[in-house]
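This briefing is meant to be read with the sequence and the coordinates open side by side. It treats the pocket, the charged pairs and the surface in turn.

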Amino acid sequence: MIIKPISAVAGEIKDNKFLFPVRVYYEDTDAGGVVYYANYLKFAERARTEYIRALGVRQQDALEQEDKFAFMVRHCEADYQAPAVLDDELVVSCQVTEIGGATCTMHQEITRGDQLLVSIDVKAVYVSLRARRPVRIPKDLVAKFV
């Protein structure tokens, strides 16, 4: 894996946790005027992507190699506590809780101020897209997660 400098990242790493700001737009809400449940997963995905960018990893590099590599979600568990609505300013946190040979588990929380709205645990697998099989996460990336 090649690690290059990356342009400005949205969010920041604070106390070993990545914090990513999200604004709720009209397109994120359902007929009841609250954020549609699947959109919280989109917010979480964006935070994970920006977290990896904040670590200095350009994921496109892994996709441009002859044998392409990417993280794929293997398991996701979400606990919805309270709804977000139009124009809310949310923060999506992302923290690595476990790293295996080919897996990475992250805990994420979506908050509005001090209120927890959603708690999400995601297990992702690092995969060779050509072989369609899990492979070890590169050591340089593991070091950045730690």
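**Charged pairs, pocket and surface**

R53 counts as partly exposed, because its relative accessibility is 23% and that class covers values between 20% and 50%. The model in which this value was computed is a predicted one. The residue belongs to a salt bridge with E50, and the structure holds 4 salt bridges, three of which are described below together with the largest pocket and a nonpolar surface patch.

**Salt bridges within helix α1**

- The side chains of R53 and E50 meet with an N to O distance of 3.4 Å, and both residues lie in helix α1, 3 residues apart, which corresponds to about one turn of the helix.
- The E50 side of this pair counts as buried, because its relative accessibility of 16% falls under the 20% limit for that class, whereas R53, at 23%, is partly exposed.
- A salt bridge also joins E45 and R48, whose closest N and O atoms are 2.4 Å apart; these two residues are 3 residues apart in helix α1 and so are separated by about one helical turn.
- Within the pair of E45 and R48, the glutamate is partly exposed, with a relative accessible area of 38%, while the arginine is buried, with a relative accessible area of 12%.

**A salt bridge between strands**

- E89 and R23 form a salt bridge through their side chains, with an N to O distance of 3.1 Å.
- This pair links distant parts of the chain, since E89 sits in strand β4 (residues 89-99) and R23 in strand β2 (residues 17-23), 66 residues apart.
- E89 is exposed, because its relative accessible area of 55% is over the 50% limit, whereas R23, at 34% relative accessibility, counts as partly exposed.

**The largest pocket**

- The largest pocket has a volume of about 200 Å³, and its lining consists of 13 residues, among which E45, R48, I52, F71 and A124 lie nearest the centre.
- Both partners of one helical salt bridge, E45 and R48, are thus named among the residues nearest the pocket centre.
- At least two lining residues come from each of α1 (37-54), β3 (69-80), β5 (103-112) and β6 (115-128), and the greatest contribution is that of α1, with 4 residues.
- Sorted by class, the lining of this pocket comprises 9 nonpolar, 2 polar and 2 charged residues.

**E45 and its place in the fold**

- E45 is located in helix α1, and its C-alpha atom is separated by 9.7 Å from that of V92, a residue 47 positions away along the chain.
- The relative accessible area of E45 is 38%, so E45 is classed as partly exposed, although E45 is also listed among the residues nearest the centre of the largest pocket.

**A nonpolar surface patch**

- Y36, Y37, L41 and Y80 make up a nonpolar surface patch of about 400 Å².
- One of these residues, Y36, is found in the loop between β2 and α1, and is partly exposed, with a relative accessible area of 40%.
- Y36 can be part of the patch in terms of exposure, because its 40% relative accessible area is over the 30% that patch residues must exceed.

How values were computed:
Residues are numbered from 1 along each chain as its sequence is written. This is a predicted model: local features need pLDDT of at least 70, side-chain atom pairs count only at pLDDT 80 or more; totals for chains, interfaces and linings use all residues. Side-chain values use heavy atoms; hydrogens and water are left out. On a 1 Å grid over the protein atoms alone, a cavity is a set of points where a 1.4 Å probe fits but cannot get out, and a pocket is an open set with protein on both sides within 12 Å along at least five of seven lines; lining residues have an atom within 4 Å of a point. Grid points are joined across faces, edges and corners, and a volume is the space filled by probe spheres set on the points. Ala, Val, Leu, Ile, Met, Phe, Trp, Tyr, Cys and Pro count as nonpolar, Asp, Glu, Lys and Arg as charged, and the others, Gly among them, as polar. Buried means under 20% relative accessible area, exposed over 50%, partly exposed in between (1.4 Å probe, protein chains only). Patches are made of residues with over 30% relative accessible area and no salt bridge: like charges are joined within 9 Å, nonpolar side chains (Val, Leu, Ile, Met, Phe, Trp, Tyr) within 5 Å. Accessible areas come from the Shrake-Rupley method with a 1.4 Å probe; for residues, only the protein chains shown count as cover.
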